[in-house]
Amino acid sequence: MKSIRIGAGLGFYGDNWEPVAASIERGGVQFIASDHLAELTLAILQKDRQRDPSLGYARDVVPMLMKLWPLMRERGVRFVCNAGGLNPRGAAQAVLAAFKARGWQARVAVVTGDDVLPRLQDAAASGFDHLFTREPVAGVRERLVFANAYVGAKPIVDALDAGADIVITGRVADAALFLGPLVHSLGWTLAGATSEQDLNRLAQGLTVGHLLECSGQGSGGNFGSQGAWQAIPDLAHIGYPIAEVWEDGTALITKAPETGGRINFDTVRQQLLYEVHNPHAYFSPDVVLDMGRIDLKDEGFDRVRLTGARGTAPTDTLKVVAGFRDGYKAEVTWGFSWPDAWDKAQAAQATIRTLLKDKRIAHDELYVEYPGLNSAHGALAPLPKADALNQSNEIWTRLVLRTQDKAAADGFGRLFPWIGLSGPAYTCGFTGLHNTSELLGIWPTLIPRAAVEADVQMEVLVEAA
């Protein structure tokens, strides 16, 4: 029975690509699928695009491919990524320009059409309520700056069918990056799949993509099991997960030999449940996955066999992530030392609140947290009593001002320096006195599938060497 091997690329913009080289050199892969995007990433890319319209893509794709392409070309490995972000064509042109400078040539496919901002900005359009709060989009419509639908695997399949060596997309669903090569190579039915066999194969492929989309997190990185995480070996040289997938959908999760990390039942199970709201209905543009009958069989030696995923037909809507201008923030972190560090921090915070009131500085919120005490877990990390906190060597306080007025954010840092000599004693220091940044709010919603897929396009670009 035919099988292919596909390796994980990045799990986020700025991730490490050195483990990808190990998968290419020693993992026997035919494809690498690399996930550069998150909801937050699109906001970062939007700020890039505001500064320079030629940007808006994940710029790490260029140095990454400059490192990996010689290895890929030698072994016939093909590459799929969503690093195009808000500007897939710009990403492709940047890659081709860098290749041309080296005298390299590649067939680079670009997938576009996920940009649905004009539809959300159309005042005559109905729908697009917030997915969770049900607020109408009218409240943010004039402030929207991007809106992208999660596209499925079909344009990736089309690109690979057309012979692309490298496929660069915008906001496709994470797991679709992996499902596309599987459908292309194994001859699975994607468009219009209705039979139980076809849908279950797609569900297996979706599960593979979900297990590989977070790079090292699928092979023992970020493993949080108390008393067990210490046994994960050599994270400094972690190997990213690799899946060997057969025509019937059966998959083996493994990694390249002589790499760190661990593939076992527990590390794979952790990634399986990551970011899953309902394991019996994990929605994607290509299939709805039911994880309830998945079987993970630990075969030892960094090998876990995956079977049992069940699929049903996808819905007639696609998820959209949109971003809107949501004011500004400024933040200052400020520390106090023993004795009475906690009381000093409270007195200083009260002083800042008084100054905000006295100076009538317009703001929506002053958010306060204490790094080392509750900044990671918030309300789930109740603070000790004040007497105990006052015995601490140091207490750090992070104050974040959120405001619609940029001038208010710009002036926030000026409220602090004088307190170094005229406020509570033993100040450890300030950081971030001048760091105003624009806030982008996230607006998740749904859009009819037909309204998006009609505009999705794929084209293959070749730059002469």
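Me: Taking contact to mean heavy atoms within 4.5 Å, which residues in helix 3 do Val-20, Ala-21, Ile-24 and Glu-25 of helix 1 meet?

Reply: This is a predicted model, in which local features need pLDDT of at least 70 and side-chain atom pairs count only at pLDDT 80 or more, while totals for chains, interfaces and linings use all residues. Residues are numbered from 1 along each chain as its sequence is written, and side-chain values use heavy atoms, with hydrogens and water left out. Helices (H or I, at least four residues) and strands (E, at least two) are DSSP runs numbered from the N terminus. The four residues named in helix 1 meet, in helix 3, Met-64, Leu-68, Leu-71, Met-72 and Arg-75.

Me: Are helix 1 and helix 3 roughly parallel or roughly antiparallel to each other?

Reply: Axes are lines fitted to C-alpha atoms, for helices over the stretch in contact, and angles run from 0 to 180 degrees between N-to-C directions. The axes of helix 1 (residues 18-26) and helix 3 (residues 61-75) come within 10 Å and cross at roughly 5 degrees. Angles under 35 degrees count as roughly parallel, over 145 as roughly antiparallel, 65 to 115 as roughly perpendicular and the rest as oblique, so helix 1 and helix 3 are roughly parallel.

Me: Which are the edge strands of the open sheet?

Reply: Two strands pair if DSSP finds at least two bridges between them, and on that basis 10 strands form an open sheet of mixed pairing in the order 10-11-8-7-1-2-3-6-4-18. Each edge strand pairs on one side only, and these are strand 10 (295-298) and strand 18 (457-462).

Me: Which residue in strand 18 stands opposite Val-110?

Reply: Strand 4 (residues 107-112) and strand 18 run antiparallel and are joined by six bridges. Within strand 18, the residue opposite Val-110 is Glu-459.

Me: Which residue in the turn between strand 10 and strand 11 has a positive phi?

Reply: Strand 10 and strand 11 run antiparallel with four bridges between them, and one bridge pairs Thr-307 in strand 11 with Asp-295. The two strands form a hairpin with five residues between them, and the turn residue whose phi is positive, at about 75 degrees, is Gly-300.

Me: Which side chains of strand 11 are buried?

Reply: Buried means under 20% relative accessible area, exposed over 50% and partly exposed in between, with a 1.4 Å probe and protein chains only. The side chains alternate along strand 11, with Arg-305 and Thr-307 pointing to one face and not buried, while those pointing to the other face are buried, namely Val-304 and Leu-306.

Me: How many degrees around the axis do the buried residues of helix 10 cover?

Reply: The expected span of a helix is 1.5 Å times one less than its number of residues, and for the 18 residues of helix 10 (residues 341-358) that gives 26 Å, in agreement with end C-alpha atoms 26 Å apart. Its buried residues include Trp-342, Ala-345, Ala-348, Ile-352 and Leu-355. The arc is that of the directions from the helix axis to the C-beta atoms, and the buried residues lie on the same side of helix 10 because their arc is only 160 degrees.

Me: Is Ser-375 counted as partly exposed or as buried?

Reply: Ser-375 is found in the loop between strand 14 (365-369) and helix 11 (386-389), with its C-alpha atom 9.6 Å from that of Thr-397, 22 residues apart along the chain. Since its relative accessibility is 35%, Ser-375 counts as partly exposed.

Notes. Contact means heavy atoms within 4.5 Å.
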